[in-house]
Amino acid sequence: MENLTLFWHRRDLRISDNAGLFKALKQGKNVQPIFIFDTQILSRLPKNDQRVLFIYQTIEELRVAYEKLGASLWVFRGNPTELIPELVKKHHIQQVFCNRDYEPNAIQRDKFIHETLQKLDCSFSGSKDQVIFEKDEVVKPDGNPYHVFTPYMKRWKEKLNEFYLKPYPVDQYISNLNPGKEVPLPSLKDLGFSDVQAQDFPSLKIPSKIIQNYHNTRDIPSVEGTSRLSLHLRFGTISIRELAKKALETNEKYFNELIWRDFYQMILYWYPKSVNHAFKSEYDRIEWEFDQTQFQSWCEGKTGYPIVDAGMRELNETGHMHNRVRMVVASFLCKHLLHDWRLGERYFAEKLLDFELASNVGGWQWAAGSGVDAAPYFRIFNPTSQQEKFDPKFEYIRKWVPEFGSADYPKPIVEHKWARERILERYKKALNTK
Ligand code: FAD
């Protein structure tokens with residue numbers, strides 16, 4: 001008998017302050033950390049997906065970090081629903097630990113693994129790690145989930161105390177890591193991603209100055225005024241507890257943004273159908289248009305609305321887009337072009353380095369007016385006024401749309417006033433409002 005316990009890293013690619021790893025180590029058995037390049041997920045991605053590069057580099061770093069502790073990270077490529085039971089059988093494992101994931105596919109996968117392992121007399125337990133409050137921890141007095149952010153945030157803050165921000169002292173039990181031998185790391189080529197390009201990813205360092213001044217700079221896309229930590233939050237290379245503690249001490253506005261993140265994770269958990277359906281079901285009655293040429297112009301940043309075009313080009317070139325501009329381009333696709341929010345959501349999902357299902361669906365449904373606590377349908381962003389307010393000197397626009405102002409820059413593909421009237425009429429018809 002090997003007396004081995006498994007800890008499965010998923011969207012928690014770090015050792016320190018890792019809730020599930022801490023709980024696994026505390027059991028006192030030899031803990032073997034593993035990571036699986038999930039072929040079910042990889043097979044759906046384009047061969048030059050930069051997120052795979054980010055994960056790959058992070059796994060390499062994690063392996064080095066474990067090596068320094070005299071342990072090793074076993075890295076596999078395959079289907080976790082087969083691989084985990086195989087490992088359990090091979091090493092006579094009785095406990096598998098991980099951190100919880102609230103996406104519908106992940107919940108299904110984990111349920112399947114849980115049931116399979118039960119038959120092998122092995123437990124499978126998840127911990128809360130990627131949010132401060134999960135599932136039903138912040139609900140209305142009657143036990144139902146909040147649909148409106150402000151009361152949710154109020155209750156969230158009332159519930160918060162030191163305990164929830166305390167780091168898990170993984171170091172205390174680090175000697176329980178299994179000093180086992182390395183399993184070779186598959187190359188990016190083996191994984192089918194040799195087309196990825198070298199890229200500098202946003203830094204993992206918490207940008208204290210930016211967070212201090214966040215309330216003044218967060219809406220200006222031409223300056224470095226936001227933390228750029230979304231990619232790290234997505235893959236758990238940073239601990240949400242560490243960041244939230246810092247935010248609590250530094251800037252309430254920034255702190256509140258982290259609560260939005262918990263809010264959308266909670267909504268996705270309760271309403272998995274919102275991935276494909278309007279949260280407010282009457283919005284599924286909207287008759288969307290589809291025009292391939294217009295959609296393509298939006299994707300390529302050639303709509304003739306410079307703030308929209310700058311945002312889409314930033315996205316296509318870097319895998320990132322500023323939050324203010326995300327709101328503008330999303331609103332433009334749904335309301336000016338009258339295209340289904342799901343098309344935009346999928347495009348973002350393919351391109352964003354920080355793509356995260358809960359926040360992406362939440363953001364898109366907010367823009368379309370169909371989501372929880374969404375912008376009312378009749379509030380239609382005017383892309384020109386948004387530019388005047390948030391990029392008055394065209395600094396952001398000139399950075400991403402160098403031909404802006406020349407004859408090469410396209411004319412607007414749709415007229416604002418006309419588009420506004422069209423969407424109001426179409427929404428009214430679907431919602432049966434007068
Ligand atoms: P900061 O402004 O520095 O904020 C700090 C952190 O707070 C972010 O990293 C993020 O984790 C969280 N946060 C900030 N704003 C929001 C928000 N509105 N909703 C939820 N969490 C928030 N965020 C994603 O992480 N993944 C997505 O796929 C995603 N898709 C979006 C789609 C649309 C249409 C919109 C309008 C917003 C989307 N967001 C998404 C939210 C937000 O735009 C990004 O989190 C933010 O731009 C990331 O940059 P940052 O780390 O510099 O953010």
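Q: Buried means a relative accessible area under 20%, exposed means over 50%, and partly exposed lies in between (1.4 Å probe, protein chains only). Does Phe290 count as buried, exposed or partly exposed?
A: The model is predicted, so local features need pLDDT of at least 70 and side-chain atom pairs count only at pLDDT 80 or more, while totals for chains, interfaces and linings use all residues. Residues are numbered from 1 along each chain as its sequence is written, and side-chain values use heavy atoms, with hydrogens and water left out. Phe290 is in the loop between α12 and α13 (292–300); helices (H or I, at least four residues) and strands (E, at least two) are DSSP runs, numbered from the N terminus. Its relative accessibility is 48%, so Phe290 counts as partly exposed.

Q: How far apart in space are Phe290 and Phe193?
A: In sequence, Phe290 and Phe193 are 97 residues apart. From C-alpha to C-alpha, their separation in space is 32 Å.

Q: Which residues come nearest to the ligand?
A: A residue is near a molecule or strand if one of its heavy atoms lies within 4 Å of it. There are 28 residues around the ligand. Those that come nearest are Tyr214, Thr226, Ser227, Arg228 and Asn323.

Q: How far is a polar side-chain atom of Thr226 from an oxygen atom of the ligand?
A: A polar contact is a pair of N or O atoms within 3.5 Å; within protein, one must be able to donate a hydrogen and the other to accept it, and residues adjacent in sequence count only if both atoms are side-chain atoms. For Thr226, the distance from a polar side-chain atom to an oxygen atom of the ligand is 2.7 Å.

Q: What distance separates a polar backbone atom of Glu356 from an oxygen atom of the ligand?
A: The protein backbone meets the ligand at Asp354 too, where a polar backbone atom is 2.9 Å from a nitrogen atom of the ligand. At Glu356, a polar backbone atom is separated from an oxygen atom of the ligand by 3.0 Å.

Q: What percentage of the ligand's accessible area does the protein cover?
A: Accessible areas come from the Shrake-Rupley method with a 1.4 Å probe, and for residues only the protein chains shown count as cover. On its own, the ligand has 820 Å² of accessible area. The share of it covered by the protein is 95%.

Q: Which element gives the largest share of the shell around the ligand?
A: The elements that give two or more residues are α10 (230–235), α12 (252–270), α15 (323–336) and α17 (357–368). Six residues, the largest share, come from α12.

Q: How many nonpolar residues does the shell around the ligand have?
A: Ala, Val, Leu, Ile, Met, Phe, Trp, Tyr, Cys and Pro count as nonpolar, Asp, Glu, Lys and Arg as charged, and the others, Gly among them, as polar. By this division the shell has eight polar and six charged residues, and the number of nonpolar residues is 14.

Q: Why does the length of α3 (residues 50–68) agree with that of a helix, and what is the distance between its end C-alpha atoms?
A: The expected span of a helix is 1.5 Å times one less than its number of residues. Helix α3 has 19 residues and should therefore span 27 Å. This agrees with the distance between its end C-alpha atoms, which is 27 Å.

Q: Is Ile55 buried or exposed?
A: Ile55 is in helix α3, and its C-alpha is 7.9 Å from that of Phe235, although the two are 180 residues apart in sequence. Among the other buried residues of α3 are Val52, Ile59 and Leu62. With a relative accessibility of 17%, Ile55 counts as buried.

Q: Which residue has its side chain joined to that of Glu134 by a polar contact?
A: Glu134 lies in the loop between β5 (123–127) and α6 (149–159). It counts as buried because its relative accessibility is 10%. The polar contact is 2.3 Å, and the partner is Tyr102.

Q: What is the phi of His92, about?
A: His92 is in the loop between α4 (80–91) and β4 (95–99). It counts as partly exposed because its relative accessibility is 47%. His92 is not a glycine, yet its phi is positive, at about 55 degrees.
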